[in-house]
Each structure stands twice: as C-alpha cells, then as structure tokens.
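Reader: I am new to this structure and would like to look closely at a single part of it. Could you choose one sheet, take me through it with care, and then set it within the rest of the chain?

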Amino acid sequence: ILERDIEGTWIERGSNNLAGRIMTADIDFENNLIYCASAGGNIWKGTLDGQDWQSLTDYLQLWISFLRIFSSGNGEQRLLIGTDNNFYFSDNDAITLNESNGLGNYSIKRFVMQSGTNNIYALVNSSPKSIYISTDLGENFEYLLPLNQSQGVSGSVGDFDIFTPRYFEDYIYLLNNDSLFRIDGENLIFISNFSDGQYSGDVALTGGVGVGGTFLYAYVGEQ
C-alpha cells in the first residue's frame with residue numbers, strides 16, 4: 001500500500017529571484033533544460049538545477065495551457081505552445097512564434113499530444129463543440145469530429161475533457177459528464193458510465209500509466 005507520508009528533503013531549485021505560479025512545464029532531456037509557462041504569460045527556460053533562468057517571450061504574453069519541447073532526433077527542436085484561443089510553434093527557441101492555421105477564433109479548453117504519432121488534439125468550443133487535430137506538429141489543425149448527439153454526447157464545453165498519457169502511446173480518451181469514450185478516427189467509441197447519470201457539470205480528466213496500463217481520474221460536477 002502506498003502512503004503519502006514519505007520522508008524526504010525538499011531543496012529549492014528556482015527561480016532564484018521571482019515569485020509566481022507555473023501553469024505548465026516540460027523537460028528537454030537531451031540538453032537537461034526545463035521550459036515552463038508562468039501565469040504572467042511568459043515562457044521561461046532554465047537548467048535542471050534551477051540556474052540561469054531566462055524569459056524567452058518578453059515581447060508577447062499569452063495565457064498558456066500547453067507547452068511541449070519536441071525533438072526530431074536529428075538535433076532539431078520545436079517548441080509547441082497552446083493557449084486558451086490559439087496554438088503557436090517555434091523552431092528557434094521562441095525568438096519568433098508562428099501561429100497555427102485552422103482553429104478559427106474559438107476558445108479552446110484542452111490540447112493533448114499523442115505519444116508515438118505526435119498528433120495534437122484540441123477540444124474546441126465551436127458550434128457544435130468539436131475535436132480538431134494537427135498531424136504536422138502544430139502548423140495546421142483540421143476539424144475531426146463534432147461533439148453532439150450524432151456522437152451520443154451533449155453539453156457545454158465544460159462538460160467535456162480529453163486526456164492521453166504523456167510518454168506512452170494510447171488512445172485519446174474523452175469524458176462527457178459521467179460517460180467515458182475513446183476517439184477512433186472520426187468517431188467516438190463508448191467505453192463506460194461510472195455513475196448511472198448521477199453526476200454532471202464541469203469535468204476534468206487526467207491520469208497516468210502504471211504496471212497494468214493507463215489509469216484515469218475524473219472530476220465531475222464537484223465529485
């Protein structure tokens with residue numbers, strides 16, 4: 001049985017001279033660097049030992065919810081940045097940011113990136129609510145499927161969320177109130193209900209990978 005009361009020593013690793021919230025982060029294991037997005041809208045880069053922090057985007061502040069550093073394996077890297085209403089990519093460590101095509105002017109609840117395929121999925125508050133996909137590392141997004149009664153789902157964008165494991169290739173899972181689905185091409189495949197319709201409202205879906213495979217956590221209507 002795992003216990004939370006594990007003894008250990010906490011050591012501050014930075015930043016050394018700033019305070020504030022971190023919205024999301026990613027690690028560049030090839031170069032031992034960490035990238036993070038602050039609540040103030042900047043992207044920061046520093047070493048894993050908490051030194052040499054620098055702001056990469058003083059010229060532009062964004063509400064960042066998704067941040068990935070993608071390495072192609074031949075020394076080239078792309079910084080992938082998702083916000084509440086758009087997606088950006090940079091091939092020069094954020095000296096310039098390129099805006100993606102195809103997402104329109106809608107708000108976006110969630111971006112996830114599927115390990116293995118490197119496809120990026122967006123949960124978009126369009127009419128109807130929809131899933132968009134990018135197969136070229138964020139340069140272009142295309143409409144994939146609607147989130148309406150034709151797919152057996154309904155509700156506002158707050159009634160949906162998507163998740164896929166960070167480092168292991170698996171399905172894109174979608175939660176609609178208390179119903180769980182997986183995305184299969186242009187369709188949703190029903191997996192299960194877990195409360196017989198008792199719970200609905202704002203939802204959040206997260207999880208991880210254990211010995212037995214992917215596990216999921218769902219927040220539904222304050223439950």
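**A sheet and its surroundings**

Author: In this predicted model, strand E2 (residues 33-38) and strand E3 (residues 43-47) run antiparallel and are joined by 5 bridges. Within this pair, the residue that stands opposite Cys36 is Trp44 in E3. The two strands belong to an open sheet of 4 strands, whose order is E1-E2-E3-E4 and whose pairing is antiparallel. The edges of that sheet are strand E1 (22-28) and strand E4 (54-55), each of which pairs on one side only. As background, the strands of a sheet pair through backbone hydrogen bonds, and this pairing can be either parallel or antiparallel.

One residue of the edge strand E1 deserves a slower look, namely Ala25, which is found in that strand. Is Ala25 buried, exposed or partly exposed? Its relative accessibility is 41%, and because a residue is called buried under 20% and exposed over 50%, with partly exposed in between, Ala25 counts as partly exposed. If the neighbours within four places in sequence are left aside, Ala25 is in contact with Tyr35, Cys36 and Leu67. Cys36 is thus a residue to follow through the sheet, since it is in contact with Ala25 and also stands opposite Trp44 in E3. Looking further along the chain from Ala25, one comes after 44 residues to Ile69, and the C-alpha atoms of Ala25 and Ile69 are separated by 9.4 Å.

A second place to compare lies around strand E7 (residues 87-90), where Phe87 and Phe89 point one way while Tyr88 and Ser90 point the other way, and all of these residues are buried. Strand E6 (residues 77-83) runs antiparallel to E7 and is joined to it by 4 bridges, and the two are connected as a hairpin through 3 residues. In this pairing, Phe87 of E7 is the bridge partner of Gly82. E7 also pairs with strand E8 (residues 98-99), again in the antiparallel sense, over 2 bridges, and here Tyr88 stands opposite Glu99 in E8.

A further hairpin is made by E17 and E18, with 2 residues between them. Strand E17 (residues 203-210) and strand E18 (residues 213-220) run antiparallel and are joined by 8 bridges, and Val203 is found opposite Val220 in E18.

These parts can now be placed within the chain as a whole, whose secondary structure comes to 18 strands and 0 helices. For 223 residues, a compact globule would be expected to have a radius of gyration near 17 Å, and the value of 19 Å for the protein chain agrees with this. Taken along the principal axes, the C-alpha atoms fill a box of roughly 50 × 50 × 30 Å. Of the 223 residues, 42% are buried, and the accessible surface of the chain comes to about 12,600 Å², with 46% of it belonging to carbon and sulfur atoms. Among the contacts with a separation of 6 or more, 39% are between residues 24 or more positions apart. As for charge, the chain has 11 positive and 28 negative charges, and the mean positions of the two groups are 2 Å apart.

Technical notes: Residues numbered from 1 in each chain as written. Predicted model: local features only at pLDDT ≥ 70, side-chain atom pairs only at ≥ 80, totals over all residues. Heavy atoms only, no water. Rg over C-alpha atoms; globule rule 2.2 N^0.38 Å. Buried < 20%, exposed > 50% of the residue type's maximum accessible area, 1.4 Å probe, protein only. Contact = heavy atoms within 4.5 Å. Areas by Shrake-Rupley, 256 points an atom, 1.4 Å probe, with all protein chains shown as cover. Lys, Arg positive; Asp, Glu negative; His and termini not counted. Charge placed at Lys NZ, Arg CZ, Asp CG, Glu CD. Pairing = 2+ DSSP bridges.
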